[in-house]
Amino acid sequence: MIQCPHCGKDNLPQATRCVHCGKDLDNLFKIEGAEADAGLPEEPEISVSDLLRTFRQEEDSQAEEHRPAVSSGPSAVFASREDTPRAETPQEEEQAPEWLIRIRKRAMQEEDAAGELSRKFNSLEASRSQEHQGRVDEEFANWIARIRENARRENLQAAKSAQAGSESEGGVPEWLRRVRELQPEGLEENQAVQEEPEEPRAEEPEQEKELPAKAEQAQAQEAESVVESGPEEAIETAEPAPDAEGAGEPPLSGHETGAETPPAEEPTESPKTPEIKPVIEELGLASEVSALDLEERPASSETLSADLLLLRKQKESAQILMNLIGEEGKGLPPAKTPREGSRGWYRFILGAFLLLVLIAVIVFVPQARPATYENPTPAVALKDALNALKNGDKVLVVQEYQAAASAEMEQVSAPVLRALEERGIALQFLTTHPNGLWLSANLMNAAEIPARETAYLAGGRLGVLTAALLADESSAMLPEGLESLENYQLILLLEDSQADIQNWIEQAGPWLGAGKLGVLASSQNAALLLPYYDAGQLAGYTAGALEGRVLAAALGQTASTGMPLRAYQAGLLVMIAVLLLGIIIKAEADSNARHQKEPEG
Amino acid sequence: MKKTLPILVAVLTAVFILAALILRPQLNGWLDVVLNWAVVTASAALLVAVATLLLTHLRAILRGQRGFIYSIILISAFLVSFIGALVLGLENSAYLRWVAAVQLPLETSLLGLAALVMTGAALQIFRSRGWSLLTISFGISALVFLVISLGLLQALNIPLLSTVIAYLQRLPLIGARGLLIGIGIGALLTGLRVLFGLERSWGE
Amino acid sequence: MNPMDIVLGFIGIALSVMIFSYLLGDNFFFRVALYILVGVSAGYGAAVLLLKVIIPRLIEPLKESGTDAFWLGLVPLALCLLLALMLVPRTVRAGTLPLSFLVGAAAAVGIAGISRGTLAPQLLAVVNRFSPELLLENSAADWGGIVEAFFILFGVISVLFYFHHRLSRKGAGTQRPLLVEGISDVGQVFLGISFGMLFVGFYSAALTALIARIVWLKDFILALLAG
């Protein structure tokens, strides 16, 4: 027996709703030996898709039934076999957690609400191992065995209680006595559950009046659930109850049944089940039950099937929980995407071709003479800004590129730094990336300027804003040696990341005024720097090694020999050829497809 | 309370910083303090992220999970690098040379590999994406800018050609501005959602 | 070349080859190289954060007991301790508070930065092209400037239209009016042009890195041969 957390009274182990107070028992997913809730977050998000599906199914069936839920009273023992879907009252909706209500609403509103989650969940399901499933099944089998054993014991107790209870008819309502007369075995279990409610009976007259209707309704619901499930399923999963001897025996009333008589365990195992019908009709529930053909159903399967329906559902829930427990801490598996397959050789051949071309050009082709031509407008503007600097002016060099782009960035930056150093401009180095500390040292080495310390500014955009706002140079928040940003004539950003550039433009730019930021960038940033330059937020910028060469020449410096221009051009030519080839292949494929369609047409 | 407190903290922090940025002279001192807290906390968060990474790989080793050899490699590399910095100091030239000798070839090669992979991808791009205004304009633009990047046309020093090239180089301004504005609006809305307590990006 | 240079050079070659082995497919050596990269970067980054931020800005102020710095330093200390609790599975939720503080701070800084640093200047740059000072040249209309101003205005609007159109089409799947489709198509063209330049820019950066690696390899081998 399990205790209701609300009223503290005992309930059947498989009950999901307290038969005494009618509140949820919250133990639908409880599995002995498996602490389902322990490792789970309060709102397990992963299971939403599957739970959603379950809720939707429930709601669909509720919509079909339009039947009020049985929530209290002794007859709730039938209803407690919660497989019968119950309509949700507004009160229950209020009791339901907010997330559940939201999920339900969404499920109702959006047809494909579960699309993405379901897809991920399906892939999760697919990735689950057989071993895992086996464990779930084993756990479930044990669990069923325990529940059945408990049920058998309780039925035995119920029979005894029924006998005792039958001797005093004082508190037994008329409807119950009539039902007992018609189906004594079936109500023995009912009687057992009634034991406690019978005590406060005198205090609950109103509730008592409602009981008959609820009891019959519950019976009808149970019967209906059996119809829904189908007898085959019930038989398939039902194990023959050793003490279900009443199946072929004549009906015995509670009065007639002695304590020694083996009790007919399940109420609906009685062959006299159809005899309930007149009682139901008399109680005004005929219309609801009339659709059920009770006679056609194998009576012995009814109770078991209700159990099994309940268990099947709980098994699904248990499986969901086991999945969740098993997947706790793991990420969702990526949705399956079609693999490249045999087309991988394209990559290898083209990659190897490009590599060979570059090696050949680097090894065999002599260096090209540097051409002299004008850079794009932003690069010219930067050159002008650099030329406008005077001896003694301070320039803050913000080193923010990563090691990957160091080859390109050193090509662009080294001649500029050398030119500034030669003109007596005070350079101060700052970085916001840990790697910037040693990359700055490499850059100074490449630029052939005296090594100096690089300050480290932590905190990304927060750090940049702090540096831009701080006027007090003694503040511990500024790296040692760094002055207020307003003191620098130019802040030269060495960048390969758009996010870093934007950090400076957005966080420092508005506080510094126009024309204080200049950028030496990787070629990948050229496109997105253009709008900032056009809006007057940058003094100018140079992007890429090619522009860097031209700028170096304009500043009277020789470009670094680290990158052979011919090899660069050869690489670009390979890409041009490949793009054209791609266009031709696509055009040819389209043409072939058209030709194939024409004869068919 | 469990859920409202973080929202409250996020909203109050955001409101305070925005107010301080607007009323800068009055709240400047406190703004510095709060920003300092944020910077230190952000750094600590990064350290926690690193620690989580290590713990994950340590667990993989202890459980003997498939591919645990990679975890051993990662943790070994981490320990050498981390302990080296603590023992020798961050400014030690031998240590920095060692870090550079590992990181530089790896990162440069990875970016170089991207060039090789892009060559293969470029062949497939039209086949996989089909013809659309976007792919056609992309293809033409890519070809034009590849040709401009060669630097051969500029070297001819023909004034008309130089003007055309200059015009072409300005053409991406429109799309880039649209992109920046579009992304900016998206980011602004996300920030406003935090400000109004609608966004919970701290893992709830 | 000294022995250290040779050793480091060979390490560099080995690591480069391991990365380029990806051309043959995802393999053991490629993965080893990646894990080394992650390990070394994480180790170096953690050391920098510890030595350059945590110790000087969190620990040092706490040594000055009773001062303002000490009291103000208790707040980040508490936040950092809560963050550290995230490492223990049972107390993961403790990190919610410092993370929410960070999210709030980042959001505020983002709102201020984006609005003042990107949105306002970029929108003004579109509008300012219509200012009379720019469009009048010696009291005569600068038609080139006027056309360009309209061109940019229309282009930016069409790109934003395309973004919006694409999102709403994903959601609804409805057919839009012809005008909307037309403007959206123009946006696609402008966006395609920008993507083309971005593609070339990224390829150029990658190509430069590749060439630099080959050049470095050639120089190393030549230096080795030269002794």
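Here are some friendly notes to help you find your way around this predicted model.

1. **Confidence in chain A.** A good place to begin is the pLDDT of chain A, which averages 65, with 46% of the residues scoring at least 70. Two stretches of this chain deserve a flag. Residues 27-49 of chain A stay under 50 in pLDDT, and the model has 33 contacts beyond four places in sequence for them. Residues 111-118 of chain A also stay under 50, with nine such contacts in the model. Where pLDDT is low, the predicted coordinates should not be read in detail.

2. **The make-up of chain A.** With that caution in mind, here is the overall fold. Chain A has 601 residues, and 44% of them are buried. Its secondary structure consists of 22 helices and eight strands. How far apart in sequence are the residues that touch? Taking contacts in chain A between residues at least 6 apart in sequence, 76% join residues at least 24 apart.

3. **Where chain A meets chain B.** Here 51 residues of chain A are in contact with 48 residues of chain B. Which helix of chain A gives the most to this side? Helix 22 does, with 13 residues. Other elements that each supply at least two residues include helix 14 (344-364), helix 16 (406-422) and helix 17 (436-447) of chain A, and helix 18 (460-469) and helix 20 (526-534) are also among them. By class, the side of chain A that touches chain B has 35 nonpolar, 12 polar and four charged residues.

4. **Where chain C meets chain B.** Turning to the other partner, 92 residues of chain C are in contact with 91 residues of chain B. Helices of chain C that give two or more residues to this side include helix 1 (3-20), helix 2 (28-63) and helix 3 (68-85), as well as helix 4 (96-128), helix 6 (143-172) and helix 7 (178-226). The classes on the side of chain C that touches chain B come to 69 nonpolar, 19 polar and four charged residues.

5. **A closer look at helix 2 of chain B.** This helix is worth following from end to end. It covers residues 24-63, and at 1.5 Å a residue its 40 residues should span 58 Å; the end C-alpha atoms are 54 Å apart, which agrees. Where is the kink in helix 2 of chain B centred? Look at Trp30(B), where the kink is about 40°. Just after the helix comes Gly64(B), and its phi is positive, near 65°.

Terms used: Residues numbered from 1 in each chain as written. Chains lettered and ligands numbered in written order. Predicted model: local features only at pLDDT ≥ 70, side-chain atom pairs only at ≥ 80, totals over all residues. Contact = placed C-beta atoms within 7 Å. Helix = DSSP H or I, 4+ residues; strand = E, 2+ residues; numbered from the N terminus. Nonpolar A, V, L, I, M, F, W, Y, C, P; charged D, E, K, R; others polar. Buried ≥ 20, exposed ≤ 12 C-beta atoms within 10 Å, placed from the backbone. Expected span 1.5 Å × (residues − 1). Bend = angle between axes of the 7 residues up to and from the residue. pLDDT = per-residue confidence, 0-100.
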